[in-house]
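Work through the exercises below with the sequence and the model side by side. Try each task before reading its solution.

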Amino acid sequence: MYITFYKYQGTGNDFIMIDNRSLEFPKNNTKLINFLCNRKFGVGADGLILLEDDDNADFKMVYYNADGTESTMCGNGGRCLVAFANFLGIIKNKTIFNAVDGIHNATIENENVSLQMIDVDDIKEKNNYAFLNTGSPHHVQLVNNIDDFNVYEEGKRLRYSLYGANGSNINFVEQTEDGFTVRTYERGVENETLSCGTGVTAVALTMHKIGKTEKTKIPIKVMGGNLEISFNKSVSGYNTIFLTGPAKQVFKGEIEC
């Protein structure tokens with residue numbers, strides 16, 4: 001079997017994109033997805049995304065972690081999928097698509113994609129961290145000297161010891177003059193990634209909630225570049241949340257499986 005794929009990246013968070021409107025891709029083949037995402041033996045990516053038809057939207061997003069398991073929402077993956085749909089001619093500058101956490105609106109201008117995230121009503125504040133769900137579960141923790149912080153070891157420890165088998169993504173944050181710097185350990189990838197869209201969204205909302213910033217448009221630096229999160233504060237929580245940043249096609253290929 002030969003599979004045609006496209007490789008996309010959003011601030012270094014990279015994904016294998018497959019046009020699965022024909023529904024020919026074996027979606028339950030965990031080993032195949034894990035192989036395709038493997039950086040030594042396959043294409044290599046943080047995750048794999050299928051674009052499929054949807055009765056109530058322009059298209060549907062089906063997202064898999066690099067370990068082959070179907071996962072929760074991926075913000076950068078969603079932005080890259082919008083760019084992919086634009087490339088395929090399915091959409092132009094605006095779109096509405098379906099994902100595991102519901103309907104998302106998005107716009108694309110050149111290589112810049114702005115994606116609306118789900119509303120967030122509940123941010124659980126603990127002694128030295130916060131926990132919330134922005135389409136995926138996220139732990140947010142302020143640290144010092146983030147450039148030298150051991151994200152892999154501490155992220156892995158918290159992912160399993162604090163959150164059990166299901167786990168959580170772990171975000172470490174340092175405040176800067178302009179905004180925040182974020183490094184993320186992603187479950188499913190089981191390593192630090194260069195960027196996490198739902199993660200930076202969680203960070204921006206948390207930093208506003210705990211009083212570290214009064215801004216409602218927050219620049220965030222990640223290992224792979226720069227993103228921006230904007231939102232409205234409501235009585236019940238946060239809404240009209242947008243994640244904005246670049247999404248680029250890297251290459252197209254075909255692989256025998």
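**Exercise 1: Pairing of strands**

Find how strand β9, residues 130–133, is joined to β10, and in which direction the two strands run.

Solution. In this predicted model, 4 bridges join β9 to β10, and the two strands run antiparallel. To follow one of these links, start at F131, whose bridge partner in β10 is H139. Then look at the hairpin of β9 and β10, which has 3 residues between the strands and in which G135 takes a positive phi near 110°.

**Exercise 2: From β10 to β11**

Determine how β10 is joined to β11, and which handedness the unit of β10, α3 and β11 has.

Solution. Begin with the pairing: 5 bridges join β10 to β11, and here the strands run parallel. H139, which is the partner of F131, also has a bridge partner in β11, namely I170. Next, add the helix to the picture, and β10, α3 and β11 together make a right-handed β-α-β unit.

**Exercise 3: The buried side of a helix**

Which residues of helix α3, residues 151–161, are buried, and why do they lie on the same side of α3?

Solution. First, list the buried residues, which are V151, G155, L158 and R159. They lie on the same side of α3 because they cover an arc of only 105° around the axis. As a general rule, an α-helix has 3.6 residues a turn, so residues three or four places apart point the same way. Finally, ask what this side meets: the buried residues of α3 pack against β10, β11, β12 and β13. Of these strands, β10 is itself mostly covered, with 5 of its 6 residues buried.

Notes: Residues numbered from 1 in each chain as written. Predicted model: local features only at pLDDT ≥ 70, side-chain atom pairs only at ≥ 80, totals over all residues. Heavy atoms only, no water. Buried < 20%, exposed > 50% of the residue type's maximum accessible area, 1.4 Å probe, protein only. Arc of directions from axis to C-beta. Contact = heavy atoms within 4.5 Å. Pairing = 2+ DSSP bridges. Right-handed = clockwise from strand over helix to strand, strands pointing away.
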